[in-house]
2 protein chains.
Amino acid sequence: MMKKYAEKEGVALNRALLQVQLCYESMGRAERLAADYLLSHTEDILALTITELASLCGTSEATLVRLSRRLGYSGYQELKLALAQDAEHRTVTPNIEDSDSCYAIFEKVCNDAYLSLERTKRMISGEELERAAALLASAGRIVLVGLGSSAAVAEEAANKLLRAGCDAASYSDTHMQTIAVSYLKEGDVAVGVSQSGASKDIVESLKLARSRGASTICITGRERAPITRHSDVTLLTDTEELRHTVLALNSHIARLAVVDALCFRVAYAHEALIMASGVANESSLKTKRVEEEST
Amino acid sequence: MMKKYAEKEGVALNRALLQVQLCYESMGRAERLAADYLLSHTEDILALTITELASLCGTSEATLVRLSRRLGYSGYQELKLALAQDAEHRTVTPNIEDSDSCYAIFEKVCNDAYLSLERTKRMISGEELERAAALLASAGRIVLVGLGSSAAVAEEAANKLLRAGCDAASYSDTHMQTIAVSYLKEGDVAVGVSQSGASKDIVESLKLARSRGASTICITGRERAPITRHSDVTLLTDTEELRHTVLALNSHIARLAVVDALCFRVAYAHEALIMASGVANESSLKTKRVEEEST
DNA sequence: ATAGAATTTTGAAAATTTTTTGCACTTTTT
DNA sequence: AAAAAGTGCAAAAAATTTTCAAAATTCTAT
């Protein structure tokens, strides 16, 4: 009896190959051999039996079965089927090179974003998310702090929480941060965003907020980062560690997605308010727009 | 011939299924049984072994193999693979509901992000991207303007362009925007971010920038939006129109990805600078961090 | 029409191929 | 050095294909 093949939900992108990339780190020597072959000869595999493939990539059948399992399929057959189903057989995320066209880079950035989101999907804890949402939904005042690109996340979050009916504000100036959090009190929430989880000012802000009786939430990419010690809730997102050096990019997107999810939840909790004011907000924003035909 | 093969007058967008219909006339009783099943339960077959399918349509394995051959495949395996390849990739975007867990919402947000990115990938123009990158790479000063969540995109872009060695700054305050763009001159670039493409202040800023001789780039979700009339380059991203109303979310992510791609390109153009200063930036940022073990 | 030969189609079971599992061995991690 | 994880061989299981005799169909000659 063949088990049901993995259900594909959502998007048409090659789940299987994506999965290969995601799991690559946790593979051993032989499995990587196979994974490499998979990535570079995706098309060919459909025509190969497990035995043929095994000898082609210099490994054993057993390893291929195990690889298939690791990728989330019940066996080699199912993996093959999954590969066949993904119409586009493009390989995921080759590195960005300076000879790439802007569009090619864009495609790679997108792929990277997928990976980052998938990875975050795995590492983030459902319970922590829920707790964070609960705290935010019942919070009095919410102060969000972050620096650099984390400031952008904090800002975005504040923006959305505001729309969700919260009393939220973000600060990217360290002095303002200190001032803002020092006025927090019990029932309020401070949210610290820091990729490294070790930015002095952000850590200090949460510490201070906590000492005032406020609850604290951190969004970070490092599991046992200093910031977690001052946080009631830790939201762990994808790390950038091994990614393209100078322009740290995609974990940012993952963090935004986390923020989105939280804000949705909070918005639902405040549903009544949204209906009343949120929609009004939208229409009042419209008056800020120029007429289509003018100018 | 009384037996008609297809009740679903629909289509055979599927090579294999088309073949089934073409061959139907020349089949015998048992094969037709199988063919009927194929046509009506196409999706299911992927999960079935030949034995299971045989018993499901009340025929023998041998018949199925013969059917496969008749359709032009080497055997049942190959038929299944062919069916998988042609299978329709239904892309379901489940709506977010207020009963969803936070994690479930997160998953949906991710799926939505994928869709948004894929859509953007299709609508954005490679040439425009390239031109935008060229303008930015050779720009003197770069001013980015946006409001609301578009401000976040502008900010993020400024952030990255800075790291890529550009003289870039973003403004989210409309007065500051006016001031900033009015000092631009030939060789400078103004970037306007506006989802609707119709925010008065943003449109005005680009218009002003242009009148000073600067080049203008817009990032927007509407093809013939007012803002495009004042832009030398238009970067079109996914629209939010038909998405979850109040919390506008994912086109934001698409725009960030576009920005990422641009910045990469610019960074490569400035490669020498990055090597010298960019990496130094990273290490100088590290001094802002707390020691791992402390506090 | 109709018996019966010829042909085609069919399915049970055997043969084969492919996939999976069990287990001893090797490598890596702690 | 012990524990854990990964690997490949070979046996077992499963799935597919082939074989072949029986059943159904078609054809032909009464």
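Guide: Two strands pair if DSSP finds at least two bridges between them, and in this predicted model that criterion underlies an open sheet of five strands in chain A, ordered β2-β1-β3-β4-β5 with parallel pairing.

Visitor: What makes β2 and β5 of chain A the edge strands?

Guide: Each of them, β2 (167–171) and β5 (233–236) of chain A, pairs on one side only. From one strand to the next, the twist averages 15°.

Visitor: How do you know that β4 of chain A is joined to β5(A)?

Guide: The pairing of two strands requires at least two bridges, and four bridges join β4 (residues 215–220) of chain A to β5(A), the two running parallel; therefore they count as paired. Within β5(A), A:Thr234 is the bridge partner of A:Cys218.

Visitor: Which strands of chain A does α8(A) lie across?

Guide: Helix α8(A) lies across β1 (141–146), β3 (189–194), β4 and β5 of chain A, and runs at about 125° to β5(A). Helix α9 (residues 149–163) of chain A also packs on the sheet, where it touches β1, β2 and β3 of chain A, with its direction at about 160° to that of β1(A).

Visitor: Why is α8(A) called roughly perpendicular to α7(B)?

Guide: Helix α8 (residues 126–137) of chain A and helix α7 (residues 102–123) of chain B pack at an angle of about 100°, with their axes 8 Å apart. Because angles from 65 to 115 degrees count as roughly perpendicular, α8(A) is described in that way relative to α7(B). The contact involves A:Gly126, A:Leu129, A:Glu130 and A:Ala133 of α8(A), together with B:Cys102, B:Tyr103 and B:Phe106 of α7(B); by class, these are five nonpolar, one polar and one charged residues.

Visitor: What makes A:Arg69 a polar contact of DNA strand C?

Guide: An N or O atom in the side chain of A:Arg69 is 2.6 Å from a phosphate oxygen of DNA strand C, and the cut-off for a polar contact is 3.5 Å, so the pair qualifies. A backbone N or O atom of A:Ile50 likewise lies 2.3 Å from a phosphate oxygen of that strand.

Visitor: How many residues surround DNA strand C, and which element gives the most to the surface near it?

Guide: There are 19 residues around DNA strand C, with A:Ile50, A:Arg69, B:Arg29, B:Ala30 and B:Thr59 the closest, and α5(A) gives the most to the surface, with four residues. That surface divides into six nonpolar, eight polar and five charged residues.

Key. Residues numbered from 1 in each chain as written. Chains lettered and ligands numbered in written order. Predicted model: local features only at pLDDT ≥ 70, side-chain atom pairs only at ≥ 80, totals over all residues. Heavy atoms only, no water. Near = heavy atom within 4 Å. Polar contact = N/O pair within 3.5 Å; in protein donor to acceptor, adjacent residues only side chain to side chain. Nonpolar A, V, L, I, M, F, W, Y, C, P; charged D, E, K, R; others polar. Axes fitted to C-alpha atoms, helices over the stretch in contact; angles between N-to-C directions. Parallel < 35°, antiparallel > 145°, perpendicular 65-115°, else oblique. Contact = heavy atoms within 4.5 Å.
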